[in-house]
Amino acid sequence: MSTISLEPVPGRTDEMVVNMGPQHPATHGVLRVVIGLEGERITRAVPHIGYLHRNHEKIEEARSYTQVIPYTDRMDYVSGTQNELPVVLAVEDLLGIEVPERAKQIRTIFFELFRIASHLVWMGTAMLDLGAITPFLYTFWDREIILGIVEKTAGARMLPNYYTLGGVRRDLHPDFFKDVADFLDHLERRMPDYEHLVLENPIVHARTKGVGVLPKERAIARGVSGPVLRASGVAYDVRKAFPYDAYPDVEFEIPTSPDGDTYARFWVRFQEIYQSCKIIRQLLEKTPKVGPYKGKAPARLRVSGERYRAVENSRGELGVYVVGDGTDKPYRIKHRGAAFGNLQVIPDLFIGAKFSDAIAILSSLDPVFGEIDR
Amino acid sequence: MSLLQEVWQAVKAIGTGMATVHKRVYEEPPTEFYPYVLPDLPPVSVQSLALVENEDGSERCIVCLQCERACPAQVITIERHRNPEGKGFLIDRFDIDLANCMYCAACVEACPVSSIVTIQDFEMSTYDLHTLKADIDFLHEQARRSRQWYSPKFGVEIRTEDGRIQKAPPEMQPGGLAELLKPAEEEVDS
Amino acid sequence: MELRMKQERLFDEDVYTVHPEDYRALCEKLKAEGYDFPRAISSVDMGYGLRVVLHLTRMSDLAKVEVRTDVPYDDPVVDSVTDLWPGVEWHEREAYDLMGIRFRGHPDLRRLLLEEHWEIHPLQKRYDTGGYPLPDWQPKDWPDPAPWEEPPPPEEPEEKAEGGEGE
Amino acid sequence: MSYIPIPEDKHFRIKRIGYDPGRSRPWLERLVYSLYVFAFWGFVVATYAGVPALFDWLGWDSGWGYVAMRATQVVMLFLLSAVIALMLILALRKYLGKVQERYGPMHYGPAGGIQTVFDALKLLGKEDFVPAAADWLTFRLAPAVTFVSSFAIFAVVPFASGWTLAETNVGLIYLIAVSTLSAYGVLLGGVSSGNKWALIGALRAGAQMVSYEIPLALVFLAVAVWSGSLSLGEIVDSQMGVWNVVPLFIPFVLYVIASLAELKHIPFDFPEAESELIAGYNVEYSGMSFAFFFLAEFVELFLLPALIVVFFFGGWHGPLFGLEPGTLAAGALQSLYFTIKTAVWVWVFLWIRATLPRYRDDQLMEFAWKAMIPLALFGLVLAAYMRLIWR
């Protein structure tokens, strides 16, 4: 965050510098982009972030590893337990904690449920940015069902603090398997409606096809990950590349699209919802109804060593770099935000686009500022 | 010809979308009437904290300071002194700043006697932030008013009509599936 | 040119600890080896200096590598690698912002998360939290930084962390 | 802090203002919103039949009396436009609510029926504020220009045979002239606000107007050629047998699209695209000035569907059950047909608003210049050709 670095060029009267954000309705929170506009065309774009900065990393240096976990929830607040996993995995690696198979499966089910929830929120807000209000309310109602399922087991809805070292905190609620199966049926009934309203809509085609093209090499070099990278044709998915938890045991595909435009990002997220449904259905059959949900974690943590662990968040590679100094508190903990990496491409994609396109591109990047500003 | 097809496809897609939207008019909305009807929260839901007393009104808390140590947000303040008669400690002060609390339920995990518990009363809106600094009387009153609460050690507990505290049936418990499945297996065996 | 560096294997990644002056040369070498995906730049306050940790992945075979270099407190400067991987731009700015490491050659080295007029770098351990309940920090028992020898012996992985020379 | 006992009815759980959630009342909603349509109809009958009859009975039917009669009708229409705005806002909110799996307004009045009255009162109570960077006179003038130019369309709309404020033989030309003016209000308001977003919105409105007005005028021309008149009453008269929508199908489709653009309605709402330009041209307006923009928007949301009905759906035509045209009863029945047809079209517009996302502004311009104008010319030629053959 800094002062405006985009001063009007003296003598140039055809360019208008506008300040999009941090109170702009389509910036998904508190992004601020200073934009030079030539008519409707964007000539310059400088993003500013940091309006939601809390310095998680400093706070977490003064907390023990178990106390860090609820703080990580507050980063990507749309996808709940997904944030807890990298810290848990890194510390489990460093301490050599064994995780029971059932605990891994439970974690994976929650992980994928939150991926669906996050993509539903994306779908609603992206369509809201494009001007359609109705899908927003539909998707939020579907997400509500997921949050209800999570609340029944974990006790909280958005920020559940559910994963812990060696497994999960609580056993599943008796209704869990039935609820999840019912929800998947419900979602599969609703997905054709979403396809009619979003993917097949000719206006969405007109707004997104060929808009904000991110070529493959540029995407890799820019360090974007997740659906944005896969929409550029790179089949990089941490779930397949460096599998964790129960992902080695399930079958799923990585949807990729060679186009790299905004529509491809929309399409990839839709396919990911289907793949998540597939993963959860496999796991519902595999997971034993009864069994251990937590491995043995030492009561007094003495973590030493350094470890970078990453998971495939709904926005991309969410990593954590833990440096332990032999106590129960991290010496240094660094979060690599997925949306943080993705948001860097704003100048690449904005410059040369129309102002309306900028809104569509931003919605297709799906930033969440709790994680970007940390 | 392809142009006409394209136009036809676009018109058809818009028509399908409009039909998709309009069919909701004939369905009952899933709205919850919150201020009129309280939502049915699951028993493990973390909405607020309470300090449970025993059935005879004596203090369950043994003032071991585990919750104070476990709290990530450092909102619990406990002062204690040694019990002059008998062993253990007595509470001087037990404060939870519910405005700063992030409801992660780490204190509930840490409590060895299930004295601090999570309850379902979520209506804590107030005009004055300072009223959310809960002291021990407030926490006791919260527990007295609630009919059920949760702690990982004892599971979901309910207060019966005649004031006794007992464990809730397994279908309310997280992990109650094991108990629910057990008799069925026995029946199959016999 | 011989690079002053050490190599070890931690879990599933190769870790290179390199002299700050050779950091850029090693990065160019890694880029030529095909490490194309920049994952993050971390920074650690080691007690005797600041450490920059660059995490890289090669997309073709998913090999992971970590590059570490230590710079002293009073002259925390390393070469920027933004031109090799444009994706580290914000990560370098964040490391500058929160840890105070300056990247020579960065195109736009401004504060990223904090306001521009801040003068402190909050992730340094000596940062005064202003009474916020943090435990008093004492230097941890990291091994003292041994000065780099000229040239370094190729096989001597006796110490875990190697610090910057200079002051 | 000690525990303060909280009374059990702290959230009105016992008092239950207005709504009993235990009972869903779709029949009540249908009844209330149908009653509104009939109330509107009654207002129309009172304006076009009641006022002249009253002045007849008083004997003031010539000279200044006639002027007073017309003036009274205008005042009635002004009240009617306020009623239209309140009803349409309510209908929009209710329909969007229904479509979006929620209830919409339901607490004030039967089935939420007087919610918008309270909204209007709230708007009246707000501070009307002129920003420092704004040009005071233009800023104040712009809402009035927008509203007046929308309201002036009422003068030529025939609600039944002979029920027109100004039965002129240049109705179409008047329409083109007046409806274009409302874009000037938007343009003035946005430019004079001294806000960059408002400026972009205003310029978008200007560019949009240039694009859709030409196909709109060509469509008017096709209608005029087919009907053989520029008077709206005669255009309706000429649709006695078959409605214009059958022979003039291409102009009809173009007219609906152009109406959406003129309304700044959802697929083309670029001037006030709230997710792009925050609120576009009216971002600096508040209180009563904003209410006038709002009023103009919803009056147009009634008038443009009404014009669709006039041009293409036979206006007031419908079975008269043997009533003599020209009598009060026949006029009432005709205006009822007109009202119901217009209500259906308003519903279609609301439905579009509930479904579709927004186009990009240059796409509308491209569409208007490259597709709509050639098609409109084609429709015009076709209409002239058919006129030569069949009439």
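## Where chains A and C meet

In this predicted model, 34 residues of chain A are in contact with 32 residues of chain C. On the chain C side, the elements that supply two or more residues each are strand E3 (37-45), strand E4 (50-57) and helix H2 (89-99). E3(C) chips in the most, with six residues.

What kinds of residues does chain C turn toward chain A? The split is 20 nonpolar, nine charged and three polar.

## How the chains pair up

Let's step back to the other chains. There are five pairs of chains in contact, and the A and C pair shares the most contacts. Chains C and D are another story: no contact joins them, and their closest C-alpha atoms sit 24 Å apart.

## A look at one residue of chain A

Now for a single residue, A:Arg309, which is part of strand E6 (residues 304-312) of chain A. Is A:Arg309 buried or exposed? A residue needs 20 or more other C-beta atoms within 10 Å of its own to be called buried. A:Arg309 has 23 C-beta neighbours inside 10 Å, so it counts as buried.

Which residues does A:Arg309 touch, once those up to four places away in sequence are set aside? They are A:Pro86, A:Leu89, A:Ala90, A:Asp93, A:Gly319 and A:Val320. As for A:Lys278, that residue is 31 residues from A:Arg309 in sequence, and their C-alpha atoms are 25 Å apart in space.

Note on methods: Residues are numbered from 1 along each chain as its sequence is written. Chains are lettered from A and ligands numbered from 1 in the order in which they are written. This is a predicted model: local features need pLDDT of at least 70, side-chain atom pairs count only at pLDDT 80 or more; totals for chains, interfaces and linings use all residues. Two residues are in contact if their C-beta atoms, placed from the backbone, lie within 7 Å. Helices (H or I, at least four residues) and strands (E, at least two) are DSSP runs, numbered from the N terminus. Ala, Val, Leu, Ile, Met, Phe, Trp, Tyr, Cys and Pro count as nonpolar, Asp, Glu, Lys and Arg as charged, and the others, Gly among them, as polar. A residue is buried if 20 or more other C-beta atoms lie within 10 Å of its own, exposed if 12 or fewer, and partly exposed in between; C-beta atoms are placed from the backbone.
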